[in-house]
Amino acid sequence: MSSTALFRTLKQSFGYDTFRPLQEEIITDALAGRDVFALLPTGGGKSLCFQLPALIREGLTVVVSPLIALMKDQVDALTASGVAATFLNSTLGADESRRRLRGLFNGEYRLLYAAPERLMLDGTMEMLRKWNVAQFAIDEAHCISEWGHDFRPEYRQLAKLRDIFPEVPFMALTATATERVRGDIVKHLRLREPQLYVASFNRPNLSYRVLPKARPYEQTLAFVRQRKGECGIIYCASRKATESVAEKLAADGIAARPYHAGLDDKVRSRNQELFLRDEIHVICATIAFGMGINKPNVRFVLHYDLPKNVEGYYQETGRAGRDGLPSECLLLFSSGDVVKQNTFIDEKSGDEQRVAREQLQQMVHYAECAACRRAELLRYFGEEFGEPNCGGCDNCLEPRETFDGTLATQKFLSCIFRLREASHSREASFGLNHIIEVLTGGASEKIVKWGHEKVSTYGIGKEHSRAEWAALGREIIRLGYCVQSAEKFSTLELTDAGRELLRARRTVTLTRPPPEPDRTRGDRTRRAGEIACDEALFEQLRTLRKEIADGRDVPAYIVFSDVSLRVMAREYPTTERAFANITGVGTKKLDEFGAQFVDAIQKYLREKPRQVFADELDQFHGPPPKKVTVGTSRESWRMFAAGQSFEQIARARGLSAQTVVKHVADAIEAGEPFDADAHFSQAEQTELEAAFVQHSDFALAPLKEALGNRYDYSRLHLYRATRRARQR
């Protein structure tokens, strides 16, 4: 399959001009009949990896999906883009099921969505044999692993498909999986020499913040009110809390509803549908909500309570900003939540309890650390961020105050040592709460039992409250001066580094716990993914989109995403030809919606002038951009400047040619010297310049077609970069 054919299908069916990272490589391998394992972050474009090949190859692509809501959502979106797709599940009546089955027998569909339980029925298996299955795509593949955060036993049955369809390639996809879970997926699905693709876990458009939990409802209400009209999810630990928070928000004028597994099925489905349709803006939910939600315009995720583990937290925050626009993730944290979680863990047994405590400790470390939160999240998944400041978390935007914590650390470590010594046993050890009781001069039953009111460290830490000692103690643990076991009572032991510190009396720097800020909005500097646009026009286009969506009985984002509307409100396309250049506008959407949106933009411009945006002014009048210095991009530029072709660089560096072209184009735009005459004749430059003047340079596919496909995308990228550099 040629690269040109892939890009043509990408634009015509989905409205995009470029692939996201790894999509093109995954699609190419899928079309070659190889098994593929793909780990792409939420919002990274997993679905396209099996949807686009289904449009190109003959036969049916069967998609295994765990949730009914997700099936309907994706099928609605595909249908709106002109793709023949369907699903089979329990929501369909008998007549509708028969109609869809006839279509499958007649080869009318390219994609079929089904849950694993439905797929593995004997009757379904018999029909699959007659439907010319070309590929199985296993979505949310982490559900197959007992080490995944959402294990589903029914996923284990899918391995039988390999015996029944030995020649059909498999694609396993997930948004979050540790190394252990990845191995489980490959093993249990019996993938054969799969091509493994693991994208970065970084979501640059998400900002991360943690607030000390004090008056949580008031904090939540203030946060939501300052995001009027924006959609968000509030995660709570219990069903009771979801209903309580939703009820209070509604009473305070916020359109909010609860969602949890204990609600009546109709009520739960209705609340979810209202959220998807933008009829309500806030859903208060347990972790039962979200995995099957494809809503791209969730602008914030707020954790009202502490999540059980980092993997679940990452997955839940990942439901914000799926469209790539800036979105916020806020966690309200208190040590009381840690106590509650430990109480739940006490009910578990054996290894399950030990693993749960380890995971909780990792979550608490994330919540309390003073380091870059983005780097901490990525490190959990085995990825190094590599930048000193992410510019998108509270610890990077507002670094916490540090102080000389030498004395506090010595008191804490000495107390651990003295208690062991006073207990006359090398086996005796005590937990964090007991250490704090001794330091603050408590009179608990355990202190009296062990005679710990007589040790020299008893009461020497009264200058700090118990809550302060808890935070200081956990930081001392994170610094490696003592270690906390993962057993039921989480006892503390000195490490070699801690003993050495007591002997050498070196200086220790600790971090003050963060105060609660007066504002909840966060930094308002330009953020990753932000698209400056005419906000008044954007709101008018949103209203038009909602009217069209309501008329078709689908969520608004099925018509166009917020990204597409923002680009429209920036580019002001006043002809259908210009409208076709907008990202997200494919052939069918151009035919169905183009005239209405173009008319709305023309009408708007008759009443109001076009805006010029600050970043456009910066482009022409600001200081010259910095040279490209990021390691991987810089290396591609160095090799290109030395005379190597894109293909040679791609082979040598193990990258796609498309990625290399982007590296080189970025370098040219950033000011690296580039001799256009060495790559384009004068006649070519004249022709290209005329074409770029006539068309927007935002999308290259229409421009390529207008030039009779005489220039490939790599040359168009180069010339566009040259023009932009010259304009600067």
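**Close-up 1. Helix α18 packs with helix α19 in this predicted model.** Helix α19 covers residues 432–439, and the axes of α18 and α19 lie 10 Å apart, at an angle of about 105°. Angles of 65 to 115 degrees count as roughly perpendicular, and α18 and α19 are therefore described as roughly perpendicular to each other. On the side of α18, the contact is made by K411, F412, C415, I416 and L419, while α19 contributes L432, H434, I435, V438 and L439. Sorted by character, the residues of this contact of α18 with α19 comprise 8 nonpolar, 1 polar and 1 charged.

**Close-up 2. Helix α18 also crosses helix α22.** Here the axes of α18, which spans residues 406–422, and of α22, which spans residues 496–504, come within 10 Å and cross at roughly 120°. That angle makes α18 oblique to α22, and the crossing of the two helices is left-handed. The residues that meet are T409, Q410, L413 and S414 in α18 and G498, L501 and L502 in α22. In this contact of α18 with α22 there are 3 nonpolar and 4 polar residues, and no charged ones.

**Close-up 3. Six strands form an open sheet with parallel pairing, in the order β8-β13-β12-β9-β11-β10.** The edges are taken by β8 (206–212) and β10 (256–259), each of which has a single partner strand, so one side of each is left without a neighbour in the sheet. From one strand to the next, the twist averages 20°. Within this sheet, strand β12 (residues 298–303) runs parallel to strand β13 (residues 327–333), and 4 bridges join the two. One pair of residues to look for here is L302, which stands opposite L330 in β13.

**Close-up 4. Strand β9, residues 231–235, is largely enclosed by the rest of the structure.** This description follows because 5 of the 5 residues of β9 are buried, where buried means under 20% relative accessible area. In a regular strand the side chains alternate between the two faces of the sheet. In β9, C231, I233 and Y235 point one way, whereas G232 and I234 point the other way, and all are buried.

**Close-up 5. Strand β9 pairs with β12 and with β11.** The strands β9 and β12 run parallel and are joined by 5 bridges, and in this pairing C231 stands opposite V298 in β12. With strand β11 (residues 282–285), β9 pairs in the parallel sense over 4 bridges, and I233 stands opposite I283 in β11.

Key:
Residues numbered from 1 in each chain as written. Predicted model: local features only at pLDDT ≥ 70, side-chain atom pairs only at ≥ 80, totals over all residues. Heavy atoms only, no water. Axes fitted to C-alpha atoms, helices over the stretch in contact; angles between N-to-C directions. Parallel < 35°, antiparallel > 145°, perpendicular 65-115°, else oblique. Left-handed = near helix turned anticlockwise from the far one by under 90°. Contact = heavy atoms within 4.5 Å. Nonpolar A, V, L, I, M, F, W, Y, C, P; charged D, E, K, R; others polar. Pairing = 2+ DSSP bridges. Buried < 20%, exposed > 50% of the residue type's maximum accessible area, 1.4 Å probe, protein only.
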